[in-house]
Amino acid sequence: MGETGAQARDAVDGFLDQWAALRSDLDLEAMGAVGRLLRLTRLVDKEVGRYFAEHGMERWEFDVLATLRRSDRPLTPKELAASVMVSSAALTNRIDRLAARNLVAREAVPGDRRSLYVTLTDAGRALVDDTVEGHVRNERRMLARLDEKDCEELNRLLRTLLVTLEGDA
């Protein structure tokens, strides 16, 4: 990262300075990292949400449609719920809303009248295909201050944390 990034101070630095003056016994590196992750999550979520709103979508809609597109096969609601990390009740509501917009369809599972698959319609496939490239460009824009090596290192560190915390859950 360039000198500007190494010397720049953010709002979290101010909080850490205050804590350091009061409590030198605290692990401020951990507090700083988690504080920055939380602030970044809010800022990134806002930017991603803005992109999807410009395309007439909510983030959750893209998540469901993109999951079906990536899978490239029909998914059961249970498989879909696990991938988008929502409850089955929330997913049912989301599928209903997407089906009302003709973006997904429900199909019976052959040989099992109680089960169904969720599939992308042609309109759903077109919408996700039309928005995914811009979504990736938007994400790259948010990380523009990081070069390729920095992005790889950030991904490595975040993956380590995610694997650790997911294992603890």
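Select methionine 85 first: in this predicted model the residue is exposed, with a relative accessible area of 70%. Methionine 85 sits in the loop that runs between α5 (77-84) and α6 (88-100). Check its backbone angles as well: phi is near 55°, which is a positive value in a residue other than glycine.

Next, go to asparagine 102, in the loop between α6 and β1. Here too there is a positive phi, about 60°, although asparagine 102 is not a glycine. Is asparagine 102 buried, exposed or partly exposed? Its relative accessibility is 46%, so asparagine 102 counts as partly exposed.

**The two strands**

Now select residues 104-109, which make up strand β1. Add residues 112-120 to show β2. The two strands run antiparallel, and 6 bridges join them. Together β1 and β2 form a hairpin with 2 residues between them. In the turn, pick glycine 111, where phi is positive at about 85°.

Two facing positions can be picked out across the hairpin. Arginine 106 stands opposite valine 118 in β2. Valine 104, in turn, stands opposite leucine 120 in β2. When you look along β1 or β2, keep one general point in mind. In a regular strand the side chains alternate between the two faces of the sheet.

**Valine 118**

Stay in strand β2 and select valine 118. How accessible is valine 118? Its relative accessible area is 0%, so valine 118 is buried. Show its surroundings and leave out residues up to four places away in sequence: valine 118 touches Leu68, Pro74, Leu75, Pro77, Leu80, Ile95, Val104 and Ala105. For a sense of distance, draw a line from the C-alpha of valine 118 to that of phenylalanine 15. The two residues are 103 apart in sequence, and the line spans 47 Å.

**Leucine 120**

Move along strand β2 to leucine 120. With a relative accessible area of 16%, leucine 120 is buried, because the cut-off for that class is under 20%. Which residues does leucine 120 touch, not counting those up to four places away in sequence? They are Leu65, Leu68, Arg69, Leu103, Val104 and Arg125. Val104 in this list is also the residue that stands opposite leucine 120. Leu68 appears here and among the contacts of valine 118. A second line can be drawn from leucine 120 to arginine 42, 78 residues away along the chain; their C-alpha atoms are separated by 30 Å.

**Threonine 121**

Select threonine 121, in the loop between β2 and α7 (122-142). Threonine 121 is buried, at a relative accessible area of 14%. Its side chain has a polar atom that lies 3.0 Å from the backbone nitrogen of glycine 124. Beyond residues up to four places away in sequence, threonine 121 touches Asn102, Leu103, Val104 and Ala105. This brings the tour back to asparagine 102, the residue in the loop between α6 and β1.

**Histidine 135**

Go on into helix α7 and select histidine 135. Is histidine 135 buried or exposed? At 10% relative accessibility, histidine 135 counts as buried. Setting aside residues up to four places away in sequence, the contacts of histidine 135 are Val48, Tyr51, Phe52 and Phe62.

**The second largest pocket**

For the last stop, select Ala33, Val34, Leu37, Leu158, Leu161, Leu162 and Leu165, which line the second largest pocket. About 200 Å³ of space lies in this pocket. Colour the lining by residue class: 7 of its residues are nonpolar, and there are no polar and no charged ones.

Which helices supply at least two residues each to this lining? They are α3 (28-54) and α8 (148-168). Of the elements that contribute, α8 gives the most to the lining, with 4 residues.

Note on methods: Residues are numbered from 1 along each chain as its sequence is written. This is a predicted model: local features need pLDDT of at least 70, side-chain atom pairs count only at pLDDT 80 or more; totals for chains, interfaces and linings use all residues. Side-chain values use heavy atoms; hydrogens and water are left out. On a 1 Å grid over the protein atoms alone, a cavity is a set of points where a 1.4 Å probe fits but cannot get out, and a pocket is an open set with protein on both sides within 12 Å along at least five of seven lines; lining residues have an atom within 4 Å of a point. Grid points are joined across faces, edges and corners, and a volume is the space filled by probe spheres set on the points. Ala, Val, Leu, Ile, Met, Phe, Trp, Tyr, Cys and Pro count as nonpolar, Asp, Glu, Lys and Arg as charged, and the others, Gly among them, as polar. Buried means under 20% relative accessible area, exposed over 50%, partly exposed in between (1.4 Å probe, protein chains only). A polar contact is a pair of N or O atoms within 3.5 Å; within protein, one must be able to donate a hydrogen and the other to accept it, and residues adjacent in sequence count only if both atoms are side-chain atoms. Contact means heavy atoms within 4.5 Å. Two strands pair if DSSP finds at least two bridges between them.
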